[in-house]
Amino acid sequence: MQPEEIKITSKTSNILASIGQALHGLWDNTVKTLLADPQELQVIQKVDRHGNIYWQAYDPVTGKSYASGSEVDVTMWIEQLYRQ
């Protein structure tokens with residue numbers, strides 16, 4: 001009895017590539033988190049499950065956070081945060 005041949009289709013290849021990208025992103029975020037100053041403002045660009053890009057900001061000193069699809073809005077939030 002011969003072992004079955006495994007065929008890699010373009011769909012399978014795309015799935016494997018997506019998994020690889022997700023794992024790379026997870027690893028990258030983990031390393032950044034571990035190396036970051038715990039008191040430093042954090043701003044991360046993210047992609048939701050629909051492929052929409054948005055920005056998430058968090059200030060560990062005040063505990064406040066903000067998320068928006070607009071980089072300008074996040075910048076304005078940060079400026080207001082530091083004016084207070």
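1. A good place to start is Asp 59, which is buried (under 20% relative accessible area, with exposed meaning over 50% and partly exposed in between, for a 1.4 Å probe and protein chains only), yet has no salt bridge. Its nearest side chain of opposite charge, Lys 64, is 7.6 Å away. Here Lys and Arg count as positive and Asp and Glu as negative, while His and the chain ends are not counted. A salt bridge needs a side-chain nitrogen of Lys or Arg within 4 Å of a carboxyl oxygen of Asp or Glu.

2. Please keep in mind that this is a predicted model, where local features need pLDDT of at least 70 and side-chain atom pairs count only at pLDDT 80 or more, while totals for chains, interfaces and linings use all residues. Residues are numbered from 1 along each chain as its sequence is written, and side-chain values use heavy atoms, with hydrogens and water left out.

3. Asp 59 belongs to strand 2; strands (E, at least two residues) and helices (H or I, at least four) are DSSP runs numbered from the N terminus. Leaving aside residues up to four places away in sequence, Asp 59 touches Leu 41, Lys 64, Trp 77, Leu 81 and Tyr 82, where contact means heavy atoms within 4.5 Å.

4. Now look at helix 2, residues 71-83. Its buried residues are Val 74, Trp 77, Ile 78 and Leu 81. They sit on the same side of helix 2 because they cover an arc of only 100 degrees around the axis, taken from the directions from the helix axis to the C-beta atoms. These buried residues pack against strand 1 (42-47), strand 2 (53-59) and strand 3 (64-68). On the face turned away from the buried side you will find the exposed residues Val 72 and Arg 83.

5. Where is the one salt bridge that a search of the whole structure finds? The side chains of Arg 83 and Glu 79 form a salt bridge at 3.9 Å, N to O. Both residues lie in helix 2, four residues apart, about one turn of the helix. Arg 83 is exposed at 67% relative accessible area, and Glu 79 is partly exposed at 41%.

6. Finally, visit the start of helix 2. Ser 70 caps its N-terminal end, with a side-chain oxygen 3.3 Å from the backbone nitrogen of Val 72. Ser 68, in strand 3, is buried at 13%. A polar atom of the Ser 68 side chain lies 3.0 Å from the backbone nitrogen of Ser 70.

Terms used: Polar contact = N/O pair within 3.5 Å; in protein donor to acceptor, adjacent residues only side chain to side chain.
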